[in-house]
Amino acid sequence: MNISIPQFRTSLHLFAGVLFLLTFVAAQPKSIAQRVDSLMRLMTLDEKIGQLNQYTDDGAATGPVTLDKDKPQQVKQGKLGSILNVLGSERTRSWQKVAMQSRLKIPLLFGQDVVHGYKTTFPIPLAEACSWDMDAIEHAARVAAVEASAGGIHWTFAPMVDIGRDPRWGRVMEGAGEDTYLGSRIAAARVKGFQGKGLGSTDAVMACVKHFAAYGAAVGGRDYNSVDMSERMLWETYLPPFKAALDAGAGTFMNSFNDLNGIPATGNAYLMRDILKGRWNFQGFVVSDWGSVGEMMNHGSVKDPADAARSAIMAGCDMDMESRCYTSSLAKLVTDGIVPMTVVDDAVRRILTKKFELGLFDDPFRFCDPKREAKALNDPAHTAAARDVARKSIVLLKNEKNLLPLSKTTKTIAFIGPLVKEVKQNKGFWDVELPGVDSNFIVTQWEGVQEKAGKNFALLYAKGCEIEGNDRSGFAEAVSVAMKADVVILSIGERRDMSGEAKSRSDLSIPGVQVELAMELLKTGKPVVVLINAGRPLVFNELADKAPAILYTWWLGSEAGNAISDVLFGDYNPSAKLVMTFPLSVGQIPIYYNHYNTGRPATGDNDRHYRSAYTDLSIYPRYEFGYGLGYSPFTYSGLKLSSGSLTRSGSIQATVTVTNAGKYAGEEVVQLYLRDLVGSIIRPMKELKDFRKITLAPGESKSITFTIDKETVSFYDPQIRWVAEAGEFELMVGASSRDIRLKERFRLTD
Ligand code: GLC
């Protein structure tokens, strides 16, 4: 075949172009997906299963411990892909060095429960949620990530986003309370804080949204207990915070221990395959909770470790924390054809992808920098952040005759109670105990008040009693100290480990003889300010009735003393609002604000006959969702709607004016609730749909506008479809779910 010179030249150019293109493409850095695929092609089945296996570090446990002698050997053999509870850049470096001796040098992933701070300890999450301050909450997680990542941590097992409506459940302290809308906002804020500029940034830690799902609805408030609810309740109340966290970019999820409608969450394909990886298209990976794969044998959904491994991996649980079912049984399940290789490959791919995204293959030691660690863990800006959010988390429950703020001319203060001089108690549950780090960075309540005292006033002390027990021998000294003072501050409450994991309580009273001590001090006639330290709502009716001033101080972390004294002396005007209902008694539980009306609603305590009410107790809680006082009253006026009818494609605006009617500058959390008066499925009496936290100088007014659109009024129908139904709505604006100040109505038109 003869070809002309021009034709030859054209073919040459074409060939050169294709060659260049291929060279160019080959020279391009491989995408993460390509790098994962290349690596997986080299991996043996055992090495793949190794990536699905996670153990705790030796000597550290946040669950029932299984002792292995040869963890380093397993790492060298590629049989262990992640270790939790490894603390400090030195320790993580040493483990990573072992991983670099493995055949494929796949870096280890280090996980840690950085739930409310790493070294700098922030208020327990339930307290922080009461700030309703999304920026402050995000910033707290940001600081925790900066410190934890400097300490070698890649991944935090947080945020916990379980809706909590039952204060008997000790883990309410880890969450954001009872409301789905607020819980969703906070979930997103915490994920953004932890992940910052994104995985790959050395000051980011990968978030882990937990516990998937509905763990907070455990029967009887007993931890790890069964959960049984309608699919619609699951979607309407418990799932949205998980979706909000996913939408915020969370890299991982964690199973919950509970069974859900008869299927353990760890083996629940509906949760992980249908919803999370299917409908929500989640691309990250799921880690089991501690031992929860193996615990399916206790649940009775599987017969042995191999069956547990099969059930979990097939349901979408990618990594097995501490149960050892994957490492002992998965290989045979694959070779026997019971678990398809594609299922294992998908799990491995998800985990390796996150390790690549974190930059661990580029530099396995990029998070282990002692210099960066030393700087990050001693940054005064972190301390300031902790103090800021701590004071925003303190809830003023009562302040008769404006006893607070205390006058700075007070001559003598008696600071009494078993928590006054406690150090670590202020950290609450799920703190991080760093080896070799002294706790003297924690500002005790005594130190915080003493700091204010200085030359201003004399500060007297008596312990009075212990947190628990019935020893009243300290009462006399406490009373005598109180008699010498102008005002008494009494700090009482739970021990910090009375709330948290495996800390369910059937009795929510303040333990020991602390309330008796309070009553003795009240009998002196001295004004008594009570600080209640706890990780959950407690029941304290006699105290609530008789004490003139009460601050709920939760567990506020490393700046507890300073935050408390800032509020006591008016250097900060308390602005926090409760995110969980406080019951009058355990008998009222579960009690939450967004309940249905029922066919026989009690309209008040004098209307309980043939009503949905107790014959022996008020229908109202002690303190409602959204409740919290400040030193300045706020008034609401002029609620206006831009229109009385909302169209499906449009929106309406609700505008209200809020005024600071007091003499202290302060912040108000203006809450917007809606009620859908008639629905194809009944709707709650009210639902929080938006809020604004605003700051007002004394006498200042601000106008706030909320926007309502079809999304605002939508809900899940019985077929789990997200629908908005035409009809009438009541719009409420208020200072709490019960303190509704103004109302208006509007219609959603067809
Ligand atoms: C615990 C907790 C979980 C935690 C994990 C690792 O049992 O349930 O929230 O992240 O184990 O410590």
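**Exercise 1. Work out whether Phe285 is buried or exposed, and what surrounds it.**

At 0% relative accessibility, Phe285 counts as buried, because the cut-off for buried is under 20%. Keep in mind as you go that this is a predicted model.

Next, place the residue: Phe285 sits in strand S9, which covers residues 285-287.

Now look at what touches Phe285. Setting aside neighbours within four places in sequence, its contacts include Leu109, Trp155, Met206 and Phe253. Further along the chain, Asp318, Met319, Arg350, Ile351 and Lys354 are also among the contacts of Phe285.

Finally, try a distance. Lys243 is 42 residues away from Phe285 along the chain, and their C-alpha atoms are 15 Å apart.

**Exercise 2. Find out which residues come nearest to the ligand, and describe the shell around it.**

Start with the list. There are 14 residues around the ligand, and Thr62, Asp113, Arg171, His211 and Asp289 come nearest.

Then sort the shell by type: 7 residues are nonpolar, 2 are polar and 5 are charged.

Now go through some polar side-chain atoms and their distances to an oxygen atom of the ligand:

- Asp289 has one at 2.6 Å.
- Lys210 has one at 2.8 Å.
- Glu501 has one at 3.1 Å.

As for cover, the ligand on its own has 310 Å² of accessible area, and the protein covers 100% of that.

**Exercise 3. Say which residues of helix H10 are buried, and what covers them.**

Helix H10 runs over residues 240-247. Its buried residues are Pro241, Phe242, Ala244, Ala245 and Leu246.

For the cover, check the neighbouring elements. Helix H8 (180-195), helix H9 (231-238) and helix H11 (269-279) are included, and so are strand S5 (208-212) and strand S6 (252-255).

Last, step past the end of the helix. Gly249 follows H10 and has a positive phi, near 105 degrees.

**Exercise 4. Do the burial and packing check for helix H2.**

In H2, residues 32-42, the buried ones are Val36, Ser38, Leu39 and Met40. A bit of background helps here: an α-helix has 3.6 residues a turn, so residues three or four places apart point the same way.

Which helices do the buried residues of H2 pack against? They pack against helix H3 (45-51) and helix H15 (341-357).

**Exercise 5. Trace what the side chain of Asn399 reaches.**

First, find the residue: Asn399 belongs to strand S11, residues 395-399.

Second, check its burial. With a relative accessible area of 12%, Asn399 is buried.

Third, follow the side chain to the backbone. A polar atom of the Asn399 side chain lies 3.1 Å from the backbone nitrogen of Leu403. The Asn399 side chain also reaches the backbone nitrogen of Leu404, at 2.8 Å.

Fourth, list the contacts outside the window of four places in sequence: Leu404, Pro548, Ala549, Leu629 and Tyr631.

**Exercise 6. Pick out the unusual backbone spots.**

Here's the yardstick: most residues other than glycine have a negative phi, and most peptide bonds are trans.

Start with the peptide bonds. Phe212 and Ala213 are joined by a cis peptide bond, with omega about 5 degrees. Ala213 is in the loop between S5 and H9. The bond from Ile589 to Pro590 is cis too, with omega near 0 degrees. Pro590 lies in the loop between helix H22 (560-568) and strand S17 (634-641).

Now turn to phi. Lys105 has a positive value, near 55 degrees. You'll find Lys105 in the loop between helix H5 (89-99) and strand S3 (109-112). Its relative accessible area is 45%, so Lys105 is partly exposed.

Thr598 has a positive phi as well, near 70 degrees, and it lies in the loop between H22 and S17. At 42% relative accessible area, Thr598 is partly exposed.

**Exercise 7. Give the domains of the chain and the separation of domain 1 and domain 2.**

Read off the bounds from the domain assignment: domain 1 is 257-339, domain 2 is 383-588 and domain 3 is 634-748.

Then take the distance: the C-alpha centres of domain 1 and domain 2 lie 44 Å apart.

Note on methods:
Residues numbered from 1 in each chain as written. Predicted model: local features only at pLDDT ≥ 70, side-chain atom pairs only at ≥ 80, totals over all residues. Heavy atoms only, no water. Domains from an automatic or database assignment. Near = heavy atom within 4 Å. Polar contact = N/O pair within 3.5 Å; in protein donor to acceptor, adjacent residues only side chain to side chain. Areas by Shrake-Rupley, 256 points an atom, 1.4 Å probe, with all protein chains shown as cover. Nonpolar A, V, L, I, M, F, W, Y, C, P; charged D, E, K, R; others polar. Buried < 20%, exposed > 50% of the residue type's maximum accessible area, 1.4 Å probe, protein only. Helix = DSSP H or I, 4+ residues; strand = E, 2+ residues; numbered from the N terminus. Contact = heavy atoms within 4.5 Å.
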